[in-house]
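These are my notebook entries on one chain and its contact with a neighbouring chain. I began with the contacts within the chain and then turned to the chain's outline, its domains and the interface.

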Amino acid sequence: MTLGFYPGCSLKGSSREYAESVLAVVKAFNIQIQEIDDWNCCGATAAHSLNKELSLALPARVLSLAEKQGLKEIVVPCAACYARLSMTQHELLKNPELKTRIAEINNLEYNGTVSILNVIQMLDRYVTPNLESRVVKPFGHKVACYYGCYLVRPHEILNFDRVEEPLSMDTLMAKTGATPIDWAFKTECCGASLSISRTSSVGRLSGKIVGDASDRGAEAIIVACPMCQSNLDMRRKEINSYLGKRIDIPVLYITQAIGLAIGLDRKALGLQRHFVKVKV
Amino acid sequence: MAKIGVFICHCGENISATVDCAKVAEVVGKYDGVAISLDYKYMCSDPGQNLIKKAIVEKGLTGVVVASCSPRMHEPTFRKACAEAGLNPYMCEMANLREHCSWVHEKGEATTQKAIDLVRTIVEKVKHNQSLDAIKVPVTKTALVIGGGIAGIQASLDIANSGHKVILIEKDPSIGGHMSQLSETFPTLDCSQCILTPRMVEVAQHPNITLYTYAELESIDGFIGNFKVKIRKKAKSIDEKICTGCGLCTTKCPNKKNPSEFNEGLGNRTAIYVPFPQAVPNKPVIDKALCTYYTKGKCKICEKFCPAHAIRFDQEDEIIEVPVGAIVLATGFAVKKTDFFPEYGYGRHPDIITGLQFERLASASGPTLGEIRRPSDGKIPETIVFVACAGSRDEAKGIPYCSKICCMYTAKHAMLYQHKVHGGKSYVFYMDIRAGGKMYDEFVRRAIEEDGVNYIRGRVSRVYEKNGKLIVKGADTLLGAMPVEIEADMVVLATAGVANEGAEELAQKLHVSYDPYHFFAEAHPKLKPVETNTAGIFLAGACQAPRDIPESVAMASGAAAKVAGLFSQDELTREPLIAVVNRQAPPVFSSCVGCFLCMSACPYHAIEKEEIKNRQGEVLKTVAKVNPGLCQGCGTCVAFCRTKSIDIQGYTHEEVYSEVMALLND
Amino acid sequence: MDDLRKRAKELIDTSAVKVVIGYEQGTGNKTRALFVENSEVADKLIFDSRCVQNLAAYVTKQEVKSKGKMAITATLPVMRAIIQLASEFQVNDDNLIVIGITPESKIIDFKNLEEVETYVHQFQIEIDARNREILDKLDKMTPSERWKFWIDELSPCFKCYACRAACPMCYCSRCTVDFNRPQWIPVSSNELGNLEWHFMRAMHLTGRCVDCDACANACPLAIPINLLTKKMIEDAKSDFGGYQPSLKGENLLSTFKPDDKENFIQ
Amino acid sequence: MAEFEPKIVAFVCNWCTYAGADLTGTSRIKYASNVRIVRFPCTGRIDYMLLLKAFDEGADGIIVSGCHPNDCHYTSGNFHARRRWMAFRSLCDFIGIDTRRIKFSWVSAAEGAKWADIVNTTVASVRELGPYDEYKKVAKKPVKEESHG
């Protein structure tokens, strides 16, 4: 079966390395993957605070296209895209009238036959079973797995992992040879889309996260969301100024960490693209 | 041939103002089988009743129809009058001319016609009525009380003091329940054990009470007044008759590091143990799951040291069967443990404890002898945070209800802390303060105003450890949801009160209803708070919903009064309006074909299988039988039976059929 | 067919059962029930697509039951009926062995009724396309048109009760129609009597009917009375999520769910 | 010609609807006098055959009413009844019995006003439907409208 791939906007721009590392790992495990043709923005986060129909129509179009292209399963690495697509599926399947209305807007039929996977679910399904045997360079570091807001919430709809204290990334990282730390900021907000508009807020919010990870001896922060990554990485200057000290812990996508552990080329994983130098 | 007397009441002018009563009497008087038909101003008055009695005697009436108010009002009155005149009371029926006719319609032809129709209908019904005798059931005047907490203790003592036998069973080695674990009690701050232990001793010494500790209900059979219960007495591995309770065994037992249930895991106990010093009975039991001899086959040190030679390693569980007439359920509740809270680290931090654990810390008989010391390192906490509504009123946690006791005990905890740790800082995060009760709100105000407890209205989102401190993150909603962070040394969660483990299975065993949270359901939320929907089984205390001590005790006394009332008679008299499965002559025996679909339809499990046997004891047929002790007379089975083999007395097929026929045809 | 005969002989010869119920060639092109009590008779056993009579109707008949332990040749509807009868305590493993038979005449050996139940539960009770179409047509009519349809269809019924005799679920020793205190259903075969009889029968079969069509096949006047029970099967599906005969003994109408959804109670 | 006065038979349970109808009386709320109430211990006791009998005998409309879900005096009689009504009503509809003439309702002991309303609306709607001649013809009852008595 071919796995569908919905990169979303971030993975084509500021988070190219996320796309690169996802595809590199997928390739290394011989998984058939196909990018959804003619995909569009999921609408996050602006659409759902402005126009409900638009906020449903955008993700619904992506899902309809995937259906039309014969895909049964798609991986959505961006946590925000994942949340929006999942919410849309939930809302439309619950409400047939709305489903019809959205199908009219998009002029595309939607049946809800595609299952949506976040990157961890995808890894768990296709990579984890063979991961340990493929590790050539154990990721022997203390890591803080950071889940952010979108990956696990709202729990009633996503039904993924434990909502208050998720564990799936920790388990996965342990298989690469890493030592996940027990810390308190796994699901705190990084400031997300305030990155541009209120950088100081991001400095404070992300600062607490990076600060706690550092205090507890983490050598790397592992993420699965492009916004989390860019805030913790790109806004390190603001973070450091909030904390009043310099912290050099790098922020890696989970696919980059896995890539390193199975011996993929650092460049193929896009590690050179980070602001905080990745020395692990 | 039926001889029916019809008595039309004017009810002053309540009926006669809109219904032509004389005309009703006249028309009805002409119907077949009506021997006398008259109207009178007040049928329920003495002269009115005398009219009926006189007619019964003089005319030899076989049935009586009183057309007046609702039968829900005066049916007992008129049935009693008929009985006094020698007519079977169930041959008397009422037509509802007041509530269902004169009061709801305007004066006129149609209203009088309706009155005539209503009376005619009931006349036709009475023609098909049968004499019925009240059901008499003998009563076994022994009560079973399940659960030896304060509710069970109170219920046992009240029943025993009214002169009846009580069997009290408790699953733990000692009675006392949660109340024995408490330090002080709100709102008076008197010592819990000081008021409880005398009651415990009284139970043990009461001549009317048989106490079985370490015992559970195995099975139950029968019905009100006539239950048969089997009790499993778990093996204590000691001979209680010989044991003097000297306690030497518990000091010698080498297996010492087992978390003590009584101390909520904050202290240890040995494998052979008495749960706490004031236990009743004050004799040890061997915990087979922990004892080195039982797990590894070697040790027997207690046996060696026992001066009375009372240790019995070969003792087995014993099942005893006893007849009882009533049952009081007082199985109490449980609290959620800290591992229920992922946001507070799944209870992994030793200094995040439950309210019940705090009780043990504050108790003079507790592991710290009443000093508030935190479990991790024994330090006296300088800052302590109490979190009310930990789990309660939280839809996401599946506990939308209020646990009711936490507001009060949290105030008490904070107060005790302030009294014991001078200069200590205490915070209470709360959603609302629910302190309804005598002297309750005053108590909370005292905590806030006199003892300086800081109340913060808001919820705690996360507790985590950092640099040896517990960081409590929350919001103060009275300051516009301003984020609050407190660095605490200890956190006490007022965890939700929930139904006891196994409550659902026990309820199913007893055929008692339970609510979605597995608390036992009362028969009526307002008017039958201690009854269950199974006659003869009553509720006391927190097994019905979270309850504080005064409420539990009041409920227990209420349940005891119900039991005493039941036991005040030698026989139970019940209305005979119950279902009956027909019996016919051999070889048919009954038209019942034995499909037993009625069994699953009966809300009361009142339908049994009866094997009809010949003289040789061979089963000829298996048919349904209604247990008159359990049947409440709803008739659900009657409408369901395909062969029309079940009928319900008072509302038989013939009775209701003839009513419907008469309604539309005169 | 040889397998079937062999199995029947075996059961009789080893005295495992006293009687094997199966089919034999009848008059004309019809098949009829055969009761094998000695192994010579077993050679008369046949099975083919004409064997549609629901033999389960015999296992509750006193004349058959009194012979002793029975074995029955059971197609899917017969098996369903057996499970329903077992749930109603009419048969059990001690008095009945089921010889399952597939439409391809393949024998299925069942150790006990539990295995029969497992087999039966693989298949949902489904209304066939032809009857589906008729039901749809009736659904589209107005109530008055349906009323006329049924009064007309039922009018020739002369209450011979062949439907009742053929139905495996109509085993009651006293049918409601024979109950006379009071006389719920008019005895005579007039319009009202016929209507109420068939109405009552459909109600009694709700949640119990195994959709074998035995009633309609038995009707000498070919009245499509099975449409009534088929409709009830359909509605049970939409209202209660359908049903399957089950040894658990929980009948659709003798149980309930607190959240049963209706749209007509005010 | 006088307005058609439908005959309505009400089958109600003793604990809720009968008591509710008592309250209608105690509150002196007026309603149409076309209804005749038959009392049962519980809706679970109401045999559906009785409903057919009522039509046989010339009823133009029927009310069946009991305790609200969860309020049953016998805890679950009304739940059982509800299932039967669902099946019964489907079958009625399929056989062509006019289900608009059968009103099912929950009326509690506190809903005196609701009872009056149920009766009044049922009488009004059945009056609009006219006499149930279709059934009466089959039951060999006179189809010409007649007055009570």
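Entry 1, contacts within the chain. I looked up the contacts in chain B between residues at least 6 apart in sequence, and found that 69% of them join residues at least 24 apart. I note that the model is predicted.

Entry 2, burial. I then checked how much of chain B is buried. Of its 666 residues, 52% are buried.

Entry 3, secondary structure and extent. I recorded 18 helices and 34 strands for chain B. Along the principal axes, the C-alpha atoms of chain B occupy a box of roughly 95 × 75 × 40 Å.

Entry 4, domains. I consulted the domain assignment of chain B, which lists domain 1 (4-132), domain 2 (333-498) and domain 3 (579-649). For domain 2 and domain 3 of chain B, I noted a distance of 58 Å between the C-alpha centres.

Entry 5, contact with chain D. I next examined where chain B touches chain D. Chain B contributes 38 residues to this contact, and chain D contributes 36 residues. Which elements of chain B give two or more residues to the side that touches chain D? I listed α4 (98-102), α5 (109-128), α17 (636-640) and α18 (653-664) of chain B. The largest share of that side is provided by α18(B), with seven residues.

Entry 6, composition of the interface. Finally, I sorted the residues on the side of chain B that touches chain D by character. I obtained 18 nonpolar, 12 polar and eight charged residues.

Conventions:
Residues are numbered from 1 along each chain as its sequence is written. Chains are lettered from A and ligands numbered from 1 in the order in which they are written. This is a predicted model: local features need pLDDT of at least 70, side-chain atom pairs count only at pLDDT 80 or more; totals for chains, interfaces and linings use all residues. Domain bounds come from an automatic or database domain assignment. Two residues are in contact if their C-beta atoms, placed from the backbone, lie within 7 Å. Helices (H or I, at least four residues) and strands (E, at least two) are DSSP runs, numbered from the N terminus. Ala, Val, Leu, Ile, Met, Phe, Trp, Tyr, Cys and Pro count as nonpolar, Asp, Glu, Lys and Arg as charged, and the others, Gly among them, as polar. A residue is buried if 20 or more other C-beta atoms lie within 10 Å of its own, exposed if 12 or fewer, and partly exposed in between; C-beta atoms are placed from the backbone.
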